[in-house]
Amino acid sequence: MNKILIIFLTIMCSSSSLLAQNSVYITVGGRSETITLVNNDATRNLEETLAKGPLTISMDDYGGFEKVGPLPMSLPISDSRITTGPGDVILYQGRNLVIFYGSNTWSYTRLGKINSLTANEIRAFLGNGEIEITLSLSPMSRIEEISEDSNQPNNIYDLRGNLIKGQPQMPGLYIVNGRKTILK
């Protein structure tokens, strides 16, 4: 009986690794953040698509509370009436990706949420007007663009390649003038 249970658990653990990885990365202007995904057919389909390579989407402001852009493919819908908040990532009508920096109530398919940023930080991350975002299974970085002889000596990057504006808020390892530096 124990051998059967162990085999069953091994099979279940192996097959669960084939399911949703629970997050994807969104990159805007060289800065990557994590989207924590919900578990549904749309997110599984999205992950299958991203396994073939990153996906770049042009998005623009709509209604003063969201960015919206067309996907190059349709995803399965499972709409329900929900109230969104800043950071919510939504599928609208099966073919439009929506990222909220405000709030709205409508019938959508929830994809996930950017949890690492506050409402104000999400608005700043998404910027104003038209933007291009890249969705990927691993973070995109600008580290390869950094060189020691850069003409921008004040640029400080975190280890994910995100440009830090001003001084870092926390001590840690950063890239300053193309070199790894510990900032205290």
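## Thr27 and its surroundings

Let's start with Thr27, which sits in strand β1 (residues 23-28). The model is a predicted one, so please read the values below as computed from it. With a relative accessibility of 9%, Thr27 counts as buried, because the cut-off for that label is under 20%.

What does the side chain of Thr27 make a polar contact with? The partner is the side chain of Ser32, at 2.7 Å. Once neighbours within four places in sequence are set aside, Ser32 also appears in the contact list of Thr27, together with Glu132, Ile133, Thr134 and Met140.

## Strand β3 and its two partners

Strand β3 (residues 55-62) is a good place to look next. Strand β9 (residues 131-136) runs antiparallel to β3, and 5 bridges join the two. Within this pairing, Met59 stands opposite Ile131 of β9.

Strand β4 (residues 66-70) is also antiparallel to β3, with 3 bridges between them. Here Asp61 is found opposite Lys67 of β4. The hairpin formed by β3 and β4 has 3 residues between the strands, and Gly63 in this hairpin has a positive phi near 70 degrees.

## A positive phi outside glycine

Gln93 also has a positive phi, near 55 degrees, and Gln93 is a residue other than glycine. As background, most residues other than glycine have a negative phi. Where is Gln93 placed? Gln93 belongs to the loop between β6 (88-92) and β7 (96-100). Is Gln93 buried or exposed? Its relative accessible area is 56%, so Gln93 counts as exposed, the cut-off being over 50%.

## The open sheet

Four strands form an open sheet in the order β11-β10-β12-β13, with antiparallel pairing. The edges are taken by β11 and β13 (179-183); each has a single partner strand, so one side of each has no neighbour in the sheet.

The pairing of β11 with strand β10 (residues 156-157) is antiparallel and consists of 2 bridges. One residue pair to find on screen is Tyr157 and its bridge partner in β11, Leu163.

## The largest pocket

Leu163 turns up again at the largest pocket, where Leu163, Arg31, Glu33, Phe125 and Lys165 lie nearest the centre among 17 lining residues. The elements that give two or more residues to this lining are β2 (31-37), α3 (119-126) and β11 (163-164). Which element gives the most to the lining? That is α3, with 3 residues.

If you are setting up a calculation on this pocket, you may like to have its volume, which is about 520 Å³. Sorted by class, its lining comprises 7 charged, 6 nonpolar and 4 polar residues.

## The enclosed cavity

How many cavities of 30 Å³ or more does a search of the whole structure find? The search finds 1. The largest cavity holds about 40 Å³ of space.

Its lining is made up of Val24, Ile35, Leu37, Leu46, Val89, Leu97, Leu111 and Leu135. By class, that is 8 nonpolar residues, with no polar and no charged ones. The lining of the largest pocket, by comparison, includes 7 charged residues.

How values were computed
Residues are numbered from 1 along each chain as its sequence is written. This is a predicted model: local features need pLDDT of at least 70, side-chain atom pairs count only at pLDDT 80 or more; totals for chains, interfaces and linings use all residues. Side-chain values use heavy atoms; hydrogens and water are left out. Two strands pair if DSSP finds at least two bridges between them. On a 1 Å grid over the protein atoms alone, a cavity is a set of points where a 1.4 Å probe fits but cannot get out, and a pocket is an open set with protein on both sides within 12 Å along at least five of seven lines; lining residues have an atom within 4 Å of a point. Grid points are joined across faces, edges and corners, and a volume is the space filled by probe spheres set on the points. Ala, Val, Leu, Ile, Met, Phe, Trp, Tyr, Cys and Pro count as nonpolar, Asp, Glu, Lys and Arg as charged, and the others, Gly among them, as polar. Buried means under 20% relative accessible area, exposed over 50%, partly exposed in between (1.4 Å probe, protein chains only). A polar contact is a pair of N or O atoms within 3.5 Å; within protein, one must be able to donate a hydrogen and the other to accept it, and residues adjacent in sequence count only if both atoms are side-chain atoms. Contact means heavy atoms within 4.5 Å.
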